[in-house]
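Me: I would like to go through this structure step by step, starting from the chain as a whole and then turning to single elements.

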Amino acid sequence: MIPMTLAEIARVLGAGLHDVPDPHALVTAPSAVDSREVRPGGLFAATAGARVDGHDYAAGAVADGAVAVLAARPVGVPAILVEDVQSALGVLARHVLGRLDPTVIALTGSVGKTTTKDLLAQVLEPHAPTISTDRSFNNELGLPLTVLRADAGTRYLVLEMGAGTKGDLTYLTGIAPPDLSLVLNVGAAHVSRMGGGLADVAAAKGELVEALPPDGYALLNADDPYVVGMVPRTRARIVLYGRSPGAAVRAERVALDEAGRAAFDLVTPSGRARVRLGLVGAHQVANALGAAAAAVTLGLPADGIAAGLSAAGRRSPGRFEISERPDGVTVVDDAYNANPESMRAGLHAFKALAGSRRTVAILGGMGQQADASRARHAQVGRLVAELGIDVLIAVGEEDVPAMAREARLSGPGVTVHLSEDVTGAITLAKELIEPGDVVFVKASSEYGLGACARALR
C-alpha cells in the first residue's frame, strides 16, 4: 500500500471523517475485510455480508492496529464514512493504481484461474516484484484488496478476475485496466446466472479482452473455440497458446509420469525448453501454457519460464490438495469448487494419481447448472464408471441422485452409496475407506464438502 493519510483517502472518496483525532494519520499497510486479517497500519473495510456485518468488528480491528475503518455508519472508532463500502474500495484501488505503474495481467476462465494465477506468479517473482491475487479473492472485494497491496516497487500485478454474471468483468477491469488479458476457457461455471448457454458465458468472459487498449495483448486459448471467437472483440494484439500446431506458445511431446504429473516441450517464438510440472493432472498443461503465454509476452526466455513452471507448487487450498495418512491412505481435497469441466479434469487426474490403488470418490453437487443440471450430474456418474473408480459416495439431494443412478447403470464394478449430507458422508467414508486407498473429494463450495476432506485427513 502506498502511504496515504486519512484526509487524503477521504478526499479521494468524497467521504467524511468521523471520530478521527488525527486526519494526518497514515495508512501504510494493506486493507482487509476480515477483522482477523487486519495488519497494523492498515485500513479495515466494514462490509455487510449475509451472515455477519463488519461494522460489528470495527472496534476490535482498530484495537488490533487498523488506523481507521471504512464504514457506512459511525462505529465508535476512527472511521471514513461512505455510502457504499464495496464501491469505495474499488474507487480507492483505482486511484492507487493510477499513481503506480505496474503491468497489469488479468486472467479469467471457467476452470483453472487460481492455479494459472499461482503458476504465473511463481514464474514472475524471481524476475521482478510481483503482487498476485490471494487464494481466489477475485471479486468486487478481493480484486481491490489485491490492488491495494501494491506499492511503488511493484512491477507485475497478476489479477484473477471472476465473473458470476454479465458485467462483472467490465466492473473489475474498470478498477484495474489490464495490459494483458488472459482467457483460459469457456465452460459451464455460473451458466445459470449468465443466460443458460456457453455462448452466454463466452459473452461475459469476453469483457476481459474488450477492456484492453490497442497496445495491449489478448492471450487466448487456441484449443477453445469460444475463446478464439473473442478475437474480433478486441483492438489489442493477439497471442494464441495451446496444443494446436498454430499456437505461438504451445506444448509438444506431452507425457504423464506414474504419478500423473505432466511433462512437455514448451515451444515459444524465441525457443523451446522442457517443462516437468509438479502438479498432478494432464489438464495442468493448459494452465501452464496460459501462464507461459503471459510470461513470453512479458519478455521472459523459454528456459526461465520452463524452470519457473517446473519449480512451481500448489499455493491455494482446496485444489487437488494431497495429504498422506499414516495408514497409507491418500486424500485429495479438490472441494473448493466444481463444474462439469473441472469435475471431469479432476476425476481423470485422480485416476492417474491412483494408478492401481483402490479408489474412493466422494462427490457432491455442481451448482448453477441451469436446466441441464440433472443431465450434467448424470454425466459425472457415467464418467466415474468409465474410469473404473471402485467406490462412489454421492453426497446431496436435488440432482446428485442422478449421478449415483448413472454410475450404477454404467458400471457394475463401481460400488455406489448415496448420502444426503456431509455428516453422513463422513461417517460412511470412515467405514468404507481401507488402508492404501486414494480418496478424492470434490463439489461446488456451497455444498461444504471440504469439511469431509478435512475430517478424512
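Reply: A residue is called buried here when its relative accessible area is under 20%, and exposed when it is over 50%. The model is a predicted one.

Me: What share of the residues in the chain is buried?
Reply: The cut-off for burial is a relative accessible area under 20%. Applied to the 457 residues of the chain, it gives a buried share of 57%.

Me: What radius of gyration does the chain have, set against that of a compact globule?
Reply: The C-alpha trace spans about 70 × 50 × 45 Å along its principal axes. For 457 residues a compact globule would have a radius of gyration near 23 Å, and the value for the chain agrees with this, being 23 Å.

Me: How many helices and strands are there, and what percentage of the contacts between residues at least 6 apart in sequence joins residues at least 24 apart?
Reply: The chain holds 17 helices and 21 strands. Among its contacts between residues at least 6 apart in sequence, the part that joins residues at least 24 apart is 64%.

Me: How far apart are the mean positions of the positive and negative charges?
Reply: The chain exposes about 17,900 Å², of which carbon and sulfur atoms supply 50%. It carries 42 positive and 49 negative charges, and the mean positions of these two sets are apart by 5 Å.

Me: Is T133 buried or exposed?
Reply: T133 lies in the loop between β8 (130–132) and α5 (142–147). Leaving aside residues up to four places away in sequence, T133 touches K117, N138, T146, R149, V158, L159 and E160. Its relative accessible area is 3%, and because the limit for burial is 20%, T133 counts as buried.

Me: Where around α6 do its buried residues lie, and which elements are included in what covers them?
Reply: In helix α6 (residues 168–175) the buried residues are D168, L169, L172, T173 and I175. They cover an arc of only 150 degrees around the axis, so they lie on the same side of α6. Their cover includes α3 (85–99), β7 (103–108), α5, α8 (198–205) and α9 (207–210).

Me: Which residue follows α1, and what is its phi?
Reply: Helix α1 (residues 6–13) has L6, A7, I9, A10 and L13 as buried residues. Because these cover an arc of only 160 degrees around the axis, they are on the same side of α1. Among the elements that cover them are β1 (4–5), β2 (16–18) and α3. The residue that follows α1 is G14, with a positive phi near 60 degrees.

Note on methods: Residues numbered from 1 in each chain as written. Predicted model: local features only at pLDDT ≥ 70, side-chain atom pairs only at ≥ 80, totals over all residues. Heavy atoms only, no water. Helix = DSSP H or I, 4+ residues; strand = E, 2+ residues; numbered from the N terminus. Rg over C-alpha atoms; globule rule 2.2 N^0.38 Å. Buried < 20%, exposed > 50% of the residue type's maximum accessible area, 1.4 Å probe, protein only. Contact = heavy atoms within 4.5 Å. Areas by Shrake-Rupley, 256 points an atom, 1.4 Å probe, with all protein chains shown as cover. Lys, Arg positive; Asp, Glu negative; His and termini not counted. Charge placed at Lys NZ, Arg CZ, Asp CG, Glu CD. Arc of directions from axis to C-beta.
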